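Here are a few short exercises to work through with the model open beside you. Try each task before reading its solution.

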Amino acid sequence: MVRLVSLLLIAVLGLSACSAPSNVSTQLAADGKPLPQVYRIRPGDTDRMQIRMLDSVNALRQASGLTPVKLNSQLNAAAATHSRDMSVQNRPWHFGSDGSSPIDRVRRVGYSGEMVGEVISETYETELESLAAWMENQGSRSVIMDSDARDMGFAWFQESNGKIWWTMVMGSGQGSLVGL
């Protein structure tokens, strides 16, 4: 099963690489060699990127026989708030600068379902490269592939230097908030 999921993820990443995104800039160093590419996210990219992440997560979940998740605007808001806050704190961690936990942030946005989990990262990589890294980490993978998940929130904050703070929040869509 892990092999099937890995192959599916590779296929998704391969297809996304078929056309070079117009928001990746290539610059040359003084020696003429290319500098690392910076993945630039434009304001109009939000819907496209969220749908691409949702489709990729659901493809992975389907390959494992799991129920698909749907985007939830409240969880998107909680994810966006935390991505910006991680940038302010300059560290990837699950607690807000005000001491808030993921559960606190989900409650603040009015989400009525149970909090399943949160995955985060600090990177210069694309959303699909970040998903691939999350799937290689057992803790992050267990959140994304949790059989109780029905809702997903996904957002980011990009600094002027190109660094991106990614946050994905998974929720059950039902019941009360009980824990991570």
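The exercises below follow one strand, its partners and the cores around it.

This is a predicted model, in which local features need pLDDT of at least 70, side-chain atom pairs count only at pLDDT 80 or more, and totals for chains, interfaces and linings use all residues. Residues are numbered from 1 along each chain as its sequence is written, and side-chain values use heavy atoms, with hydrogens and water left out.

**Exercise 1.** Work out how many residues of strand β6 are buried.

*Solution.* Start with the terms: strands are DSSP runs (E, at least two residues), helices are runs of H or I of at least four, and both are numbered from the N terminus. Buried means under 20% relative accessible area with a 1.4 Å probe, protein chains only. Next, take residues 164-171: eight of the eight are buried. Finally, split them by face: I164, W166, M168 and M170 lie on one side, and W165, T167, V169 and G171 on the other.

**Exercise 2.** Find the strands that pair with β6.

*Solution.* Pairing requires at least two DSSP bridges between two strands. First, β4 (residues 115-123) is antiparallel to β6 over eight bridges, with M115 bridged to G171. Then β5 (residues 151-158) also runs antiparallel to β6, over eight bridges, and F154 faces M168.

**Exercise 3.** Identify the element that gives the largest share of the largest nonpolar core.

*Solution.* A nonpolar core joins buried Ala, Val, Leu, Ile, Met, Phe, Trp, Tyr and Cys residues through side-chain atoms within 4.5 Å. The largest one has 24 residues, and W166, M168 and M170 are among those with the most contacts inside it. Its largest share, five residues, comes from α2. A separate core of nine residues includes M115 and V169.

Technical notes
Buried means under 20% relative accessible area, exposed over 50%, partly exposed in between (1.4 Å probe, protein chains only).
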